[in-house]
Amino acid sequence: MPLIPATPPGLPVTPALPATPPLIAAAGDPAQLRFLEFFVARIRNPHTRRAYGRAAEDFLTWCSGIGLTAIGQVQPLHVAAWVELQGRHFAAPTVKQRLAGLKHLFDWLVTGQILPANPAASVRGPVYRVKRGKTPVLEAAEARRILEAIDVSTPIGLRDRALIGLMVYSFARIGAALAMRVEDVYVQNRRLWVRLHEKGGKRHDMPCHHNLDAWLHDYMEGCALAGDRRSALFRTIARGTGRLSDRAMQQADAYAMIRRRAAAAGIETPIGNHSFRATGITAYLKNGGTLEKAATMANHASTRTTQLYDRRPDEVTLDEVERIFV
């Protein structure tokens, strides 16, 4: 039986698609096409597509390994046993995400009349409750130290200061920051604004702090970006030239840059891409900002999410620990 190709003829190449598992291939062309459509038509976020693809491929390969020969043979017991095995190797949030991917996939197969029922629907994932986020957060003085240590006499220095400043002062997610085009920096009411394209296709506009206003202006003027408004705002550096390339930075590029800048400033905290977002939110709340306004600025649907970035309680805990005189 011929397999459905990873990309049907006439369609653009779609990245991060899983290989067709044997159980899906054995179910015939309609099942293979429906499986492919789930990742192409149902999921727009490439990171979600990649994560769900790994989960589906892993689960269905595991099913073949235990002797199942048809997708219709998958039962809730099989899904539950696989989830239990996942818990031995992955943290609870990852297991819950993988189970969610299976539930969505099987729902899609049910509505496509490939399966009569969803075998994952009744399976519960591990319990996981979070009251404090795990993202490493810097003190305001540490963030300033990183920014002040950047040599802004070069295009890469201007870029790095502008990107870090954007995350601190606009609470931007790294994905939204790197997705920006030059035209997403604009003037309104005599003030520079930024337009962030957040998860779920949401557009989020924020006025710039005066520091960010100056740093974005210096970056765009120093690197002559204003002429091509449709191009990526934050770009990689062309090898051996010290100048910006035409390729947009990826999250891995930003992570490497952040770790490099932190090390140069003598910061030992193992920060990552979201650390400056959390640092900005905490600094805002420390200086009298409200949780509700912080949620709006961070484009959070709920203040409970914003609270995960609020590290003010850490200071109370440290103060109380120091009261233990032994």
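**View A. The side chain of Ser245 reaches back to its own strand's backbone.** Here, a polar atom of the Ser245 side chain sits 3.1 Å from the backbone nitrogen of Arg247. That is a polar contact, meaning a pair of N or O atoms within 3.5 Å; within protein, one must be able to donate a hydrogen and the other to accept it, and residues adjacent in sequence count only if both atoms are side-chain atoms. Another one, of 2.5 Å, links the side chains of Ser245 and Thr236. Ser245 belongs to strand 5 (residues 244-248); strands (E, at least two residues) and helices (H or I, at least four) are DSSP runs, numbered from the N terminus. A quick note on what you're looking at: the model is predicted, so local features need pLDDT of at least 70 and side-chain atom pairs count only at pLDDT 80 or more, while totals for chains, interfaces and linings use all residues. Residues are numbered from 1 along each chain as its sequence is written, and side-chain values use heavy atoms, with hydrogens and water left out.**View B. Ser245 is tucked away among residues 235 to 238.** Is Ser245 buried or exposed? Ser245 is buried, because its relative accessible area is 15%, and buried means under 20%, exposed over 50% and partly exposed in between (1.4 Å probe, protein chains only). Leave out the neighbours within four places in sequence, and Ser245 is in contact with Arg235, Thr236, Ile237 and Ala238. Contact here means heavy atoms within 4.5 Å.

**View C. Three strands make an open sheet in the order 1-2-3, with antiparallel pairing.** Strand 1 and strand 3 are the edge strands, each pairing on one side only. From one strand to the next, the twist averages 35 degrees. Helix 9 (residues 210-222) packs on the sheet and touches strand 1 and strand 2, and its direction makes about 80 degrees with that of strand 2. For these angles, axes are lines fitted to C-alpha atoms (for helices, over the stretch in contact), and angles run from 0 to 180 degrees between N-to-C directions.

**View D. Strand 2 pairs with strand 1 and with strand 3.** Strands count as paired if DSSP finds at least two bridges between them. Strand 1 (residues 185-188) and strand 2 share four bridges, and five join strand 2 to strand 3 (residues 203-207). Follow Val194: its bridge partner is Val185 on one side and Met206 in strand 3. In the hairpin of strand 1 and strand 2, with two residues between the strands, Asn189 takes a positive phi near 55 degrees. Why is strand 2 (residues 191-197) called largely enclosed by the rest of the structure? Because five of its seven residues are buried.

**View E. Arg259, in helix 10 (residues 251-264), touches Pro270 and Ile271.** Those touches leave out residues up to four places away in sequence. Arg259 and Pro270 are 11 residues apart in sequence, and their C-alpha atoms are 7.7 Å apart in space. The Arg259 side chain also makes a polar contact of 2.6 Å with the side chain of Tyr255. With a relative accessible area of 34%, Arg259 is partly exposed.
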